[in-house]
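Q: I'd like to learn how to read a model like this one, feature by feature. Where do we begin?

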Amino acid sequence: MEKIRIVGGRPLEGTVRISGAKNASLPELCAALLTDQQLTLGNVPEVRDIRTMGRVLAALGAEVEFRVGGEVELRAGSLTSVEAPYELVKTMRASVLVLGPLVAREGRARVSLPGGCAIGARPIDLHLMALEKMGATIAVEHGYVEARAERLRGAEISFDTVTVTGTENVMMAACLADGQTVLRNAACEPEVEDLATLLGAMGARIEGAGTSTLRVEGVERLAGASHRVIPDRIETGTYVAACAIAGGEIEIRHCQPNHLRAVIDKLRETGVRIEEGPDNLRVRAPRVLRPANVTTQPYPGFPTDMQAQYMALMTQAEGASTMTETIFENRFMHVAELARMGASVRENGRTAIVTGPTPLSGAQVMATDLRASASLVLAGLAASGETVVDRIYHLDRGYYRIDEKLRGLGADIERLA
Ligand code: EPZ
């Protein structure tokens, strides 16, 4: 299994280019199921989860062509199946994003239940509740969701909990439903808004994307379109934190600073110098990092997908800070691995207390999920000696060539077979 080896202690310098957003690309690939015409997406990150989604769509009978440079051409002219198989869904729970489009277009979907994951139980009950409200009959048998509807109809739906992919599934399904759908307590993430922009280009009628109340007026059919995916705000935040923990000064290009406001504000609070341009950031690490507490929240709050990276950074702050994880019930898997490197972190339910600064020493550590693995790479940049991160397939799911990008910034990092 591939590993990454890092020798820490080198400040970063130079420029890094941000890739397209994984969490916008995944639902946007599924939007191809809503039309029989061609969809062309640009700036799609060449990461493992995108390839997995390509396989899910191909299993349904869609043509999917990946081009060099992040362009993907898709056409779901006629589907040969409505089943997303367990073999694929178990490797990537975002496969559930085919559910809404399939029921809306084909009147039927059979999707393997995703099951739990390292960071939490992650049920999809809200996705199913919403589709039922839109007139679908839902049955769960043999580990699969079976959803059927002659034609979905518009409905008034309210989510108890903000759910990103739940919002995206409903928004896509509602595009072809009969009548208007109103979704309250919808997710406001930039990825949801970017999906709405694509759907709008396909002829959908959506209002309120990016706010907590979404209105979708269903139409008979959607057309093809071309769309450029937004930059990845979590990848951007990861590089800001990398510079802050390793030291030095870098420029981050092809990013969208407005999409990570909460992260930028929080890192400035810790002393990191951040200058913003329209699509770039200039980051300078402080001599002394100040501790600052954080609570993860749905957008526009501090993203849970930055919690692990931020924790790694706080191990080097002068004093104690608390991290409260409100989104997922089991998202502190990185704590034990950071402790193996010498970090001082005390967990108490959904809150962790980090005391710093503690010198980190290189060690062999194990990645448990995508963002936890990024936090271990960051810790490795600051640690004395050599760190080897095992199971980096987690990392490759959502970061495009992170080792090469960091090496481009002067880090001593390489991939080991
Ligand atoms: C999306 O996951 C992202 N994934 C996650 O990023 C991200 O952590 C998460 O949103 C929160 O921001 C993609 O976009 C592909 P949720 P999603 O539904 O949609 C509960 C990464 O690192 N819930 O917003 O699956 C759920 O258990 C990944 O890139 C229900 O109870 O997350 C959680 O506690 C990891 N019932 C909360 O809501 C439901 O039906 C938020 O989950 C749905 C969700």
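A: With the vocabulary: helices here are DSSP runs of H or I with at least four residues, strands are runs of E with at least two, and both are numbered from the N terminus. Keep in mind, too, that this is a predicted model.

Q: Using that scheme, how many helices and strands does the chain have?

A: The chain has 14 helices and 24 strands. Its radius of gyration is 21 Å, close to the 22 Å that the globule rule gives for 417 residues, so the chain is as compact as a globular protein of that length. Along the principal axes, the C-alpha atoms fill a box of roughly 60 × 45 × 40 Å.

Q: What share of the chain's residues count as buried?

A: The cut-off to remember is that buried means under 20% relative accessible area. By that criterion, 57% of the 417 residues are buried. As for the surface, the accessible area of the chain comes to about 16,000 Å², and 45% of that belongs to carbon and sulfur atoms.

Q: And among contacts between residues at least 6 apart in sequence, what percentage join residues at least 24 apart?

A: That's 72% for this chain.

Q: Let's go to the ligand. Which residues come nearest to it?

A: There are 22 residues around the ligand, and D125, T163, T165, D305 and I327 come nearest. Sorted by class, the shell has 10 nonpolar, six polar and six charged residues. You can also sort by element: α1 (22-30), α5 (125-133), α6 (164-175) and α12 (370-382) each supply at least two residues of the shell.

Q: Which polar side-chain atoms should I look at around the ligand's oxygen atoms?

A: For a polar contact you look for a pair of N or O atoms within 3.5 Å. T165 has a polar side-chain atom 2.6 Å from an oxygen atom of the ligand, and for T163 the distance to a ligand oxygen is 2.7 Å. R331 also places a polar side-chain atom 3.4 Å from an oxygen atom of the ligand. As for cover, the ligand has 830 Å² of accessible area on its own, and the protein covers 87% of it.

Q: Now α5. How should I read a helix's pattern of buried residues?

A: An α-helix has 3.6 residues a turn, so residues three or four places apart point the same way. In α5, the buried residues are L126, H127, L128, A130 and L131. They pack against α4 (99-106), β8 (137-141), β9 (144-148), β10 (156-158) and α6.

Q: What follows α5?

A: G135, with a positive phi near 100°.

Q: Which residues other than glycine have a positive phi?

A: Two to look at are R122, with phi near 50°, and R391, with phi of about 60°. R122 is found in the loop between β7 (108-112) and α5. R391 is in the loop between β23 (386-390) and α13 (393-396).

Q: Why do R122 and R391 count as partly exposed?

A: Partly exposed covers the range between the buried limit of 20% and the exposed limit of 50%. R122 falls there because its relative accessibility is 28%, and R391 does because its relative accessible area is 34%.

Q: Where are the cis peptide bonds?

A: Omega is the angle to check. One cis bond joins Y299 and P300, with omega about 10°; P300 is in the loop between β18 (294-295) and α10 (307-314). Another runs from G356 to P357, with omega near -5°, and P357 sits in the loop between β21 (351-356) and β22 (364-366).

Q: Can we finish with acidic side chains? What makes E73 buried, and what does its side chain contact?

A: E73 lies in strand β5 (residues 71-75). It counts as buried because its relative accessible area is 19%. The E73 side chain makes a polar contact with the side chain of R67, at 3.0 Å. Leaving out residues up to four places away in sequence, E73 touches Q38, L39, T40, E63, V64, E65 and R67.

Q: And D403, buried or exposed?

A: D403, in helix α14 (residues 402-408), is buried, because its relative accessibility is 5%. Beyond residues up to four places away in sequence, D403 touches I4, I413 and R415.

Notes:
Residues numbered from 1 in each chain as written. Predicted model: local features only at pLDDT ≥ 70, side-chain atom pairs only at ≥ 80, totals over all residues. Heavy atoms only, no water. Near = heavy atom within 4 Å. Polar contact = N/O pair within 3.5 Å; in protein donor to acceptor, adjacent residues only side chain to side chain. Areas by Shrake-Rupley, 256 points an atom, 1.4 Å probe, with all protein chains shown as cover. Nonpolar A, V, L, I, M, F, W, Y, C, P; charged D, E, K, R; others polar. Buried < 20%, exposed > 50% of the residue type's maximum accessible area, 1.4 Å probe, protein only. Contact = heavy atoms within 4.5 Å. Rg over C-alpha atoms; globule rule 2.2 N^0.38 Å.
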